[in-house]
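Student: Could you go through this structure with me? I'd like to know where the labels come from.

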Amino acid sequence: MLMDGKDLAKDIKIKLKNEIDDIKRIYGVTPAVASILVGDDPASQVYVNSQIKSYQDLGIAVHKYSFSKEISEAYLLNLIDKLNKDTEVDGIMINLPLPPQINATKVLNRIKLIKDVDGFKAENLGLLFQNSEDFISPSTPAGIMALIEGYKIDLEGKDVVVVGRSNIVGKPVAALVLNNHGTVTICNSHTKNLAEKTKNADVLISAVGKPKFITEDMVKEGAVVIDVGINRVNGKLEGDIDFENVQKKTSYITPVPGGVGALTVAMLLSNILKSFKANRGII
């Protein structure tokens, strides 16, 4: 079965908009997010513009900050300090990557905890690993979990293999699976006999960024296969999974595009709402 992220994301956005509208009506306040882009990478600019449209569709105000790639780390940290203190800014979004003169980890950790809508701050990730109710999950791992929950796939006792160990997807999604009582194996570029690991997976999650990296012979019959990869090949988007050949072996599989990516945006919006309510003291 195809796991359609677009319909699920649409339903989530409707619920979020209804809640935001209710808060505006009752409390007379509007959520606001600061979106920071450093450099002139065309793909990043397209992504930011897409984000801003999503914010505006839900009635979220946007403060957009665009800087040249020559900006200093000190200047960016000073801006974050100001935004942290601004009570009318509910979330701070740093669009990655940052230029080499700026330490991304230092910048992300400077963001106030309740304004960390990306969920990349070390403190937020620590809360995630503690399975605290207060953490904000990185949006792509949260989107993966929303798909799994939306299709009523029970992870308890399941063997889940995550291919990719990034701080943005691999590690956080592994923690979320553990929190849902799955048994997790995390694979990386140094993993030996990768196919032996992936063939044992009841649920296979790939986030390596290599087109058609996961082939039919690497997948267990009846597995759930979730493709996080977005790779541009000859002007078209392809995932990490050799979709046409793998699809016939799976019980569930995500398309690219239209799978995890659609949920990533929806969960970012959900994070903004959570930060908005925490920042404004709305229960």
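**Sheets, helices and a binding site**

Tutor: Let's start with one pair: Leu37 stands opposite Ser66 in β2. Keep in mind that this is a predicted model.

Student: How do you know that β1 and β2 are paired?

Tutor: Two strands count as paired if there are at least two bridges between them. Seven bridges join β1, residues 32-38, to β2, so by that cut-off β1 and β2 are a pair. The two strands run parallel.

Student: What order do the strands of this open sheet come in?

Tutor: The order is β2-β1-β3, three strands with parallel pairing.

Student: Why are β2 and β3 said to stand at the edges?

Tutor: β2 (61-67) and β3 (91-94) each have a single partner strand, so one side of each has no neighbour in the sheet. On average, neighbouring strands here are turned by 15° against each other, ignoring direction.

Student: Which helix packs on this sheet?

Tutor: That's α3, residues 73-85, which touches β1, β2 and β3. The direction of α3 makes about 175° with that of β1.

Student: OK, on to α5. What makes people say that its buried residues line one face?

Tutor: The buried residues of α5 (residues 122-129) are Asn124, Leu125, Leu127 and Leu128. Looking down the axis of α5, you find them within an arc of 155°, so they line one face of the helix. These buried residues pack against α7, which spans 170-179. Just after α5 comes Asn131, with a positive phi of about 60°.

Student: Which residues does UniProt list for "binding site"?

Tutor: The unreviewed UniProt entry lists Gly164, Arg165, Ser166 and Ile230. Of these residues, Ser166 and Ile230 are included in the lining of the largest pocket.

Student: Why is Gly164 called buried?

Tutor: Buried means under 20% relative accessible area. Gly164 has 9%, so the label buried fits. Gly164 lies in the loop between β4 (159-163) and α7. Not counting residues up to four places away in sequence, Gly164 touches Gly170, Ile186, Cys187, Ala207 and Val208.

Student: And what makes Ser166 partly exposed?

Tutor: Partly exposed sits between the cut-offs for buried, under 20%, and exposed, over 50%. Ser166 has a relative accessible area of 32%, so Ser166 is partly exposed. Ser166 also lies in the loop between β4 and α7. Leaving aside neighbours within four places in sequence, Ser166 is in contact with Lys171 and Pro172.

Student: Why does Val233 get the label partly exposed?

Tutor: Try the same reasoning: the relative accessible area of Val233 is 25%, which is not under 20% and not over 50%, so Val233 counts as partly exposed. Val233 lies in strand β8, residues 231-233. Apart from neighbours within four places in sequence, Val233 is in contact with Pro211 and Glu238. The C-alpha atoms of Val233 and Pro211 are 7.9 Å apart, although these residues are 22 residues apart along the chain.

Student: Last one: how do you know that β7 pairs with β10?

Tutor: The cut-off is at least two bridges, and β7 and β10 (residues 252-253) have two, in the parallel sense, so they pair. Val224 stands opposite Tyr252 in β10. Strand β7 is also joined to β6 (residues 203-206) by four bridges, again parallel, with Val203 opposite Val224. Within β7, Val224 and Ile226 point one way and Val225 and Asp227 the other way, and all are buried.

How values were computed:
Residues are numbered from 1 along each chain as its sequence is written. This is a predicted model: local features need pLDDT of at least 70, side-chain atom pairs count only at pLDDT 80 or more; totals for chains, interfaces and linings use all residues. Side-chain values use heavy atoms; hydrogens and water are left out. Buried means under 20% relative accessible area, exposed over 50%, partly exposed in between (1.4 Å probe, protein chains only). The arc is that of the directions from the helix axis to the C-beta atoms. Contact means heavy atoms within 4.5 Å. Axes are lines fitted to C-alpha atoms, for helices over the stretch in contact, and angles run from 0 to 180 degrees between N-to-C directions. UniProt positions are given in the numbering used here, feature names are shortened, and annotations may be inferred rather than shown by experiment. On a 1 Å grid over the protein atoms alone, a cavity is a set of points where a 1.4 Å probe fits but cannot get out, and a pocket is an open set with protein on both sides within 12 Å along at least five of seven lines; lining residues have an atom within 4 Å of a point.
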